[in-house]
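Trainee: I have this one open on my screen and would like to talk it through with you. Could we go over it piece by piece?

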Amino acid sequence: MTQLSPVVLALLGTGFTFLATALGAATVYLFKREVRPSFQQVFLGFAAGVMVAASVWSLLIPAMEMAGERNLLPVAGGFVLGALFLLLLDRVLPHLHPGSKQAEGPRSSLKRTTMLVLAVTLHNIPEGLAVGLAFAASSAAGEGAATLAGAMALSLGMALQNFPEGAAISLPLKKEGLDNHRAFLYGALSGVVEPVAGVIGALLATSISGVMPWVLSFAAGAMIYVVVEELIPEAHLGEHSHAGTAGVLAGFLVMMVLDVALG
């Protein structure tokens, strides 16, 4: 498998996470009503925990080891740029988070259903980028900090949190009035951006020498932005939600164990 090109590996890894999103969106056929708020909090918290752990073990630590001892500029700079990139998308892309009445971003005539899909798509961009970069790094010669097993662990962790994320978009779309087929389709399509972002990241990382620490930390910064700006508020952790807190801890633990055991 290591003989495959970085782009093919990135496509396979992000294709797996996209499939998990589609399977999660398919739960719209199983539930007649919206998922209970406590379950939603657990799902969102789990996603937050996975993304925080993945940012540390799968992205920032390998970026530091690739950049070299005491060379923190690529890591810190990439992290800041990743957060700023998501901030920019947050400002220029109209979107609506599930459960919210007020849309974010510029004023738009887009339908509520479209803006709901765009909100989840924002989450999936850094996730796809992270998985694609992990596989690209694992195939690069001399990059001992990044292994194929570690990339596979990251892909599995992202897939585990993408399954409930797919449900978290398809079920609200159904509540908005879409039939099961369209709710599933739109929920699944929200994950298409992951293979696209993963392949772009792999192409960038393999075509420009020395850019890998920058792009790995860029993905980490983007994911941490999503966690702090989107997932934690949506999980209502500020309201002392034990369900959401338990979800964060479980997600962090699962991703940490996967990365340490397989990476």
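**Helices, patch and contacts**

Trainee: Let's start with phenylalanine 163; where does it sit?

Mentor: Phenylalanine 163 lies in helix H5, and please keep in mind throughout that this is a predicted model.

Trainee: Is phenylalanine 163 buried or exposed?

Mentor: It falls in between, because its relative accessibility is 38%, and phenylalanine 163 therefore counts as partly exposed. It also belongs to a nonpolar surface patch of about 510 Å², together with Phe16, Leu19, Leu23, Leu156 and Leu160.

Trainee: Which helices supply that nonpolar patch?

Mentor: Helix H1, covering 6–25, and H5 each supply at least two residues of it.

Trainee: How far does H5 reach from end to end?

Mentor: Helix H5 takes in residues 148–175, and because 28 residues at 1.5 Å a residue should span 40 Å, the 41 Å between its end C-alpha atoms agrees with that expectation. There is nevertheless a kink of about 30 degrees at asparagine 162, shortly before proline 164. After the helix comes glycine 177, whose phi is positive, near 115 degrees.

Trainee: And how many residues of H5 are buried?

Mentor: The count is 21 of the 28, so H5 is largely enclosed by the rest of the structure. Alanine 168, which is in H5, is one that I would point to, since its relative accessible area is 12% and it is therefore buried. The C-alpha atoms of alanine 168 and asparagine 124 are 13 Å apart, with their positions 44 residues apart along the chain.

Trainee: Back to H1 for a moment: what covers its buried residues?

Mentor: The cover includes H4, H5, helix H6 (180–189) and helix H7 (193–207). Among the buried residues of H1 are Leu9, Gly13, Thr17 and Ala25. As for its length, H1 has 20 residues and reaches 29 Å from its first C-alpha to its last, which is close to the 28 Å expected at 1.5 Å a residue.

Trainee: Changing topic, what is histidine 123 in contact with?

Mentor: Histidine 123 is in helix H4, residues 112–139, and if we leave aside neighbours within four places in sequence, it is in contact with His97, Glu165, Val226, Glu230, Leu231 and Glu234. Its relative accessibility is 5%, so histidine 123 counts as buried.

Trainee: What about methionine 223, is that one buried or exposed?

Mentor: Methionine 223 is buried, because its relative accessible area is 0%. It is found in helix H8, residues 212–234, and, not counting residues up to four places away in sequence, it touches Met51, Ala54, Ser55, Leu59, Pro126, Glu127, Ala130 and Met158. Of these partners, alanine 54 is 169 residues away from methionine 223 in sequence, while the two are 8.9 Å apart in space, C-alpha to C-alpha.

Trainee: Last topic, then: how many salt bridges does a search of the whole structure find?

Mentor: It finds one. Arginine 182 forms a salt bridge with aspartate 179, and the closest N and O atoms of the pair are 3.8 Å apart.

Trainee: How accessible is arginine 182?

Mentor: Arginine 182 has a relative accessibility of 39%, so it counts as partly exposed. Aspartate 179 likewise has a relative accessible area of 39%, and is therefore partly exposed.

Technical notes: Residues are numbered from 1 along each chain as its sequence is written. This is a predicted model: local features need pLDDT of at least 70, side-chain atom pairs count only at pLDDT 80 or more; totals for chains, interfaces and linings use all residues. Side-chain values use heavy atoms; hydrogens and water are left out. Helices (H or I, at least four residues) and strands (E, at least two) are DSSP runs, numbered from the N terminus. The expected span of a helix is 1.5 Å times one less than its number of residues. The bend at a residue is the angle between axes fitted to the seven residues ending there and the seven starting there. Buried means under 20% relative accessible area, exposed over 50%, partly exposed in between (1.4 Å probe, protein chains only). Patches are made of residues with over 30% relative accessible area and no salt bridge: like charges are joined within 9 Å, nonpolar side chains (Val, Leu, Ile, Met, Phe, Trp, Tyr) within 5 Å. Accessible areas come from the Shrake-Rupley method with a 1.4 Å probe; for residues, only the protein chains shown count as cover. A salt bridge is a side-chain nitrogen of Lys or Arg within 4 Å of a carboxyl oxygen of Asp or Glu. Contact means heavy atoms within 4.5 Å.
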